[in-house]
Amino acid sequence: MSRLEANGLTLRRGGRAIVQDVSLRMQSGMFLGLIGANGAGKSSLLAMLAGLLRPDAGQVAIDGQDVAGLSLRQRALARGYLPQNPRAEWPVSVERLVVLGLTPQLPAFGGLPAGLQQQVARVLDQFDMAGRAQQSVTTLSGGELARTMLARALVGDPPILLADEPLAGLDPHHAIDGIGRLRAFADQGRLVIAALHELTMVARHATHVAVLDQGRLIAFGTTQDVMKADILRQAFQVDACVTGAGTPTAMVDFVALARRTDG
Ligand SMILES: Nc1ncnc2c1ncn2[C@@H]1O[C@H](COP(=O)(O)OP(=O)(O)OP(=O)(O)O)[C@@H](O)[C@H]1O
């Protein structure tokens with residue numbers, strides 16, 4: 001059982017608080033959809049939860065331990081992190097990139113243990129990348145690279161996964177498959193926190209939802225309680241129609257309202 005707790009997180013950049021006094025308590029079994037308009041602070045909050053950005057105020061604790069006090073290896077073992085718009089800088093094979101997700105578990109020297117080779121083969125297959133295992137990642141399409149990165153994030157079976165827009169660039173089939181795998185990962189006893197813009201997917205698959213609006217947490221609770229028209233109106237300036245939130249057939253449709261002038 002893993003617990004991730006954020007207490008009073010604030011991050012200031014460019015003379016303003018881009019995340020302001022955010023507190024969240026999360027645990028294994030939850031699939032938390034983190035939603036909010038562009039610039040609401042989702043990536044900044046995820047990077048603080050991952051221990052990659054130091055907050056100006058507040059703390060993040062994993063299983064009661066301040067992430068700021070964890071070594072790099074302890075942090076890498078405690079949580080996986082998938083950044084937004086991951087890029088492939090080096091011409092390594094798909095398989096080699098996925099293996100990098102196992103780095104914190106590997107012995108310092110020697111080859112990949114047989115059990116871990118099977119894990120790599122399994123995630124490549126799950127994300128429909130087995131046929132491209134030897135292709136250079138610099139030649140992949142955007143969606144293929146996104147699937148490879150998801151495979152890398154999951155291959156080490158981290159107890160906590162933080163994913164920043166993991167479905168960006170995926171076609172409908174692979175997006176549905178990807179979010180289903182994230183939900184299954186949570187159902188198997190992991191904690192998954194994902195920043196997402198696909199509101200119908202969130203309404204169908206997330207167990208819980210947190211909503212950021214201009215750096216502030218304006219709602220946090222079960223999908224059924226949070227995916228509501230008034231909350232979505234405040235967060236996105238849209239007139240939303242939500243049906244069946246928290247069920248596999250949920251739908252979120254919306255029309256844009258006039259832009260607000262207070263931001
Ligand atoms: N170093 C910085 N200096 C100034 N402003 C910054 C800095 N880093 C982030 N910001 C601002 O902080 C806000 C939050 O950014 P963040 O990337 O966390 O938003 P987001 O919710 O993930 O957005 P999106 O949905 O567009 O990816 C944005 O308005 C961004 O311009």
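This text leads through a predicted model, from a recorded domain to the largest pocket and then to the aromatic rings.

A useful place to begin is the stretch of chain from residue 4 to residue 239, which an unreviewed UniProt entry annotates as "domain: ABC transporter". Within residues 4–239 the chain is 36% helix and 27% strand, and the C-alpha atoms at the two ends of this stretch lie 33 Å apart.

The largest pocket holds about 480 Å³ of space, and 22 residues line it, with A76, R79, G80, Y81 and P104 lying nearest its centre. Two or more lining residues come from each of the elements α2 (72–78), β6 (80–82) and α5 (142–155), and among the contributors α2 gives the most, with four residues. Domain 1 (3–79 + 159–256) and domain 2 (90–157) each supply at least three residues to the lining of this pocket. By kind, the lining residues divide into 13 that are nonpolar, five that are polar and four that are charged.

The aromatic rings can be followed next. A search of the whole structure finds zero aromatic pairs, but the ring of F127 does have a charge over it, since the charged end of R181 sits there, 5.8 Å from the centre of the ring.

Terms used
Residues numbered from 1 in each chain as written. Predicted model: local features only at pLDDT ≥ 70, side-chain atom pairs only at ≥ 80, totals over all residues. Heavy atoms only, no water. 1 Å grid on protein atoms, 1.4 Å probe; cavity = no way out; pocket = protein on both sides within 12 Å on 5 of 7 lines; lining within 4 Å. Points joined across faces, edges and corners; volume = space filled by probe spheres on them. Nonpolar A, V, L, I, M, F, W, Y, C, P; charged D, E, K, R; others polar. Domains from an automatic or database assignment. Phe/Tyr/Trp six-rings, centres within 6.5 Å; stacked < 30°, edge-to-face > 60°. Lys NZ or Arg CZ within 6 Å of the ring centre and 35° of its normal. UniProt positions renumbered as here; feature names shortened; annotations may be inferred.
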